[in-house]
Amino acid sequence: MTMSLTTLYEKLMKNAQPSQWRKIVAEDLDLDYCERFLTAAESATLLNYMENNVSYFDGRLSQVKVFGQYYPIPRQQVAFGDAGLLYKFSGTVVPAQPWPQPLYDLKRKICTTRGVDYNFVLVNRYKNGEDHMGEHRDDEVELDKTVPIASISLGQTRKFVFKHTDVRKKIRQVELVKLDLHNGSLLMMNQPTNEYWYHSIPKEKNAKNIRLNFTFRKIK
Ligand SMILES: O=C(O)CCC(=O)C(=O)O
Ligand SMILES: [Fe+2]
């Protein structure tokens, strides 16, 4: 009896992932980063699932309007969320598509670990280092700001760069905050980061592979 309990415990401990969190702070910036939130196997399964089962927005939803002109976004996007949820995207009101089971499970895992629940996820697909995302803040009015955005990355490691609004406005110097977002990682962007810092995924010549990113959000 004792033996088998011990064995069971050892097995559980071996499989348990003691997730290691790194706190990253700067002026008005507060992040929690877990490099190995998912195992390599979980990450590969999810990336495979997405590549084989999910199609991305096309037409107007794959464009961005800049000074009255439409341009294709330099990556692919799609979004999922709770039934009945409507959200604004690219100037259009879009009904959320139902959660694919693996993304719903991932959302629940984040909820279990961090104690926050989400009703929406935006998926970004970068085919290689040419694809990128310009400096922005996630400042949509529909966003519940009290809930940190949870960002899961899969595949190709990419740099994530934070720039303080005062630097954008050329008011003063504040050092950039840069981090590598690894396969299977989870980044929590806590308040008030999003109010004071812009973030971007710059182009990277040497990034050859696909990267997926999921930003889980709470929409009011
Ligand atoms: O791909 C990323 O890591 C960034 C995604 C992002 O900033 C966004 O979806 O608003
Ligand atoms: Fe963002």
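**Binding-site residues and helix α3 in a predicted model**

User: Happy to look at this with you! Which residues does UniProt place under the feature "binding site" together with Asn-124 and Tyr-126?

Analyst: The unreviewed UniProt entry places "binding site" at Asn-124 and Tyr-126, and also at His-136, His-199, Arg-211, Thr-215 and Arg-217. UniProt positions are in the numbering used here, feature names are shortened, and annotations may be inferred rather than shown by experiment. This is a predicted model, where local features need pLDDT of at least 70, side-chain atom pairs count only at pLDDT 80 or more, and totals for chains, interfaces and linings use all residues. Residues are numbered from 1 along each chain as its sequence is written, chains are lettered from A and ligands numbered from 1 in the order in which they are written, and side-chain values use heavy atoms, with hydrogens and water left out. Besides Asn-124 and Tyr-126, the residues are thus His-136, His-199, Arg-211, Thr-215 and Arg-217.

User: Nice. Which of these residues does the lining of the largest cavity include?

Analyst: On a 1 Å grid over the protein atoms alone, a cavity is a set of points where a 1.4 Å probe fits but cannot get out; a pocket is an open set with protein on both sides within 12 Å along at least five of seven lines, and lining residues have an atom within 4 Å of a point. Of the listed residues, the lining of the largest cavity includes His-199.

User: Is His-199 buried or exposed?

Analyst: His-199 is in strand β14, residues 197-201; strands (E, at least two residues) and helices (H or I, at least four) are DSSP runs numbered from the N terminus. Its contacts (heavy atoms within 4.5 Å) beyond four places in sequence include His-136, Phe-160 and Phe-162. Buried means under 20% relative accessible area, exposed over 50%, and partly exposed in between, using a 1.4 Å probe and protein chains only. With a relative accessible area of 3%, His-199 is buried.

User: And which residue has its backbone oxygen 2.9 Å from a polar atom of the His-136 side chain?

Analyst: His-136 sits in strand β9, residues 133-136, and touches Trp-197, Tyr-198 and His-199. The backbone oxygen at 2.9 Å from a polar atom of its side chain belongs to Gly-134.

User: UniProt also lists Tyr-87, Lys-88, Phe-89 and Asp-139 for "binding site". What is the largest C-alpha distance among them?

Analyst: These four also come from an unreviewed entry. They are spread over 53 residues of sequence, yet they cluster in space, with a largest C-alpha distance of 13.3 Å.

User: What is the relative accessibility of Phe-89?

Analyst: Both Tyr-87 and Phe-89 lie in strand β6. Tyr-87 counts as buried at 4% relative accessibility, and its contacts include Phe-57 and Val-94. Phe-89 also touches Phe-57 and Val-94. Phe-89 counts as buried too, at a relative accessibility of 13%.

User: Let's turn to helix α3. Within what arc do its buried residues fall?

Analyst: The buried residues of α3 are Leu-103, Leu-106, Lys-107 and Ile-110. An α-helix has 3.6 residues a turn, so residues three or four places apart point the same way. Taking directions from the helix axis to the C-beta atoms, the buried residues line one face of α3, because they fall within an arc of 100 degrees.

User: Lovely. Which exposed residues does the face turned away from that buried side carry?

Analyst: The buried residues of α3 pack against several elements, including α2 (40-53) and β5 (76-81). The face turned away from them carries Arg-108 and Thr-112.

Definitions and conventions: Polar contact = N/O pair within 3.5 Å; in protein donor to acceptor, adjacent residues only side chain to side chain.
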